[in-house]
Amino acid sequence: MKLSQLVILLTITFVIVSCTTTSFDTKEELLTYLQDKDHGYLHEKSVNGYDFSLLYKPTDMLVDQELSDTYTKEDVEKLRNKYKKYLYFTLSMSRGNKELLSTTPRNRQEFGAMVNELAFGMDKKVHVFTPQKDTLELLDYVYPRMYGMSRATTMLFVYPRDEEFLKEEYLNITVGDLGTYTGEVKFKVQTKQIKNEPQIKF
């Protein structure tokens with residue numbers, strides 16, 4: 001075999017392998033994989049004493065949460081079809097391993113303002129857009145109040161899975177200042193990780 005043929009064969013093999021969906025036996029194994037920053041699903045930044053982390057949450061993590069103990073392949077496919085229409089990102093923010101509400105407000109007025117912003121105003125603080133500044137519309141977000149019992153303020157953001165946006169090499173995700181004096185915090189998420197998201201072997 002000529003060297004040029006060998007190079008072509010190896011290139012084709014690499015492309016096939018790189019496009020193969022990674023699968024795991026359990027959600028715990030999948031989560032461990034996602035939390036390894038080398039795989040491109042978890043992004044972390046520390047600014048002015050605050051820690052920010054952004055995690056892309058694959059479809060099967062949502063499917064697993066809704067499956068009963070006894071399920072069929074049809075149940076899995078039904079839920080996959082339900083959730084694969086959307087993109088899910090978990091945003092966590094903390095200071096000294098504590099929630100924002102436990103560390104940032106300096107008085108009752110600031111506390112109330114931050115509660116209101118976290119509960120109702122994050123659509124104006126978190127944005128997803130392409131390198132050309134096309135913005136992906138936020139559909140919903142979930143902010144569970146933990147009342148100081150958690151190590152971080154964590155929310156789930158839901159966006160439409162727009163294939164035109166996923167044709168871009170990456171998406172920008174920005175988090176506006178929440179009274180933390182951190183300025184705008186920006187993450188760059190590669191779309192290939194989203195298009196080839198890992199699954200669970202249900």
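## Two exposed loop residues, a sheet and its cores

Asn-97 is exposed, with a relative accessible area of 52%, a value that counts as exposed because the cut-off for that word is over 50%. The model in which this residue is seen is a predicted one. Asn-97 lies in the loop between strand E4 (86-95) and helix H5 (100-103), and its phi is near 60°, which is a positive value in a residue other than glycine.

Lys-133 can be described in the same terms, and the table sets out the two residues.

| Residue | Loop between | Phi | Relative accessible area |
|---|---|---|---|
| Asn-97 | strand E4 (86-95) and helix H5 (100-103) | near 60° | 52% |
| Lys-133 | strand E5 (126-129) and strand E6 (135-136) | near 75° | 58% |

Lys-133, too, is exposed, and its phi is a positive value in a residue other than glycine.

We turn now to the sheet. It is an open sheet formed by 5 strands in the order E2-E3-E4-E8-E7, and the pairing is antiparallel. Which strands stand at the edges? They are strand E2 (42-47) and strand E7 (140-142), and because each has a single partner strand, one side of each is left without a neighbour in the sheet. From one strand to the next, the twist averages 20°. Helix H6 (residues 108-120) packs on this sheet, where it touches E4, E7 and E8, and the direction of the helix makes about 130° with that of E7.

The edge strand E7 is joined to strand E8 (residues 153-160) by 3 bridges, and the two run antiparallel. Within this pairing, Tyr-141 has Phe-157 in E8 as its bridge partner.

Phe-157 also leads to the interior of the model. In soluble globular proteins, nonpolar side chains tend to be buried together. Here the largest nonpolar core has 42 residues, and those with the most contacts inside it are Phe-89, Met-93, Leu-118, Met-122, Phe-157 and Tyr-159. Strand E3 (residues 50-56) gives the most to this core, with 5 residues.

What is Met-122 in contact with, leaving aside its neighbours within four places in sequence? Met-122 is in contact with Met-93, Glu-117, Tyr-141, Met-155, Phe-157 and Leu-178, so that both members of the bridge pair Tyr-141 and Phe-157 appear in its list, given that contact means heavy atoms within 4.5 Å. A second, separate core has 9 residues, among them Leu-62, Val-63, Val-76 and Leu-156.

Terms used. Residues are numbered from 1 along each chain as its sequence is written. This is a predicted model: local features need pLDDT of at least 70, side-chain atom pairs count only at pLDDT 80 or more; totals for chains, interfaces and linings use all residues. Side-chain values use heavy atoms; hydrogens and water are left out. Helices (H or I, at least four residues) and strands (E, at least two) are DSSP runs, numbered from the N terminus. Buried means under 20% relative accessible area, exposed over 50%, partly exposed in between (1.4 Å probe, protein chains only). Two strands pair if DSSP finds at least two bridges between them. Axes are lines fitted to C-alpha atoms, for helices over the stretch in contact, and angles run from 0 to 180 degrees between N-to-C directions. A nonpolar core is a set of buried Ala, Val, Leu, Ile, Met, Phe, Trp, Tyr and Cys residues joined through side-chain atoms within 4.5 Å.
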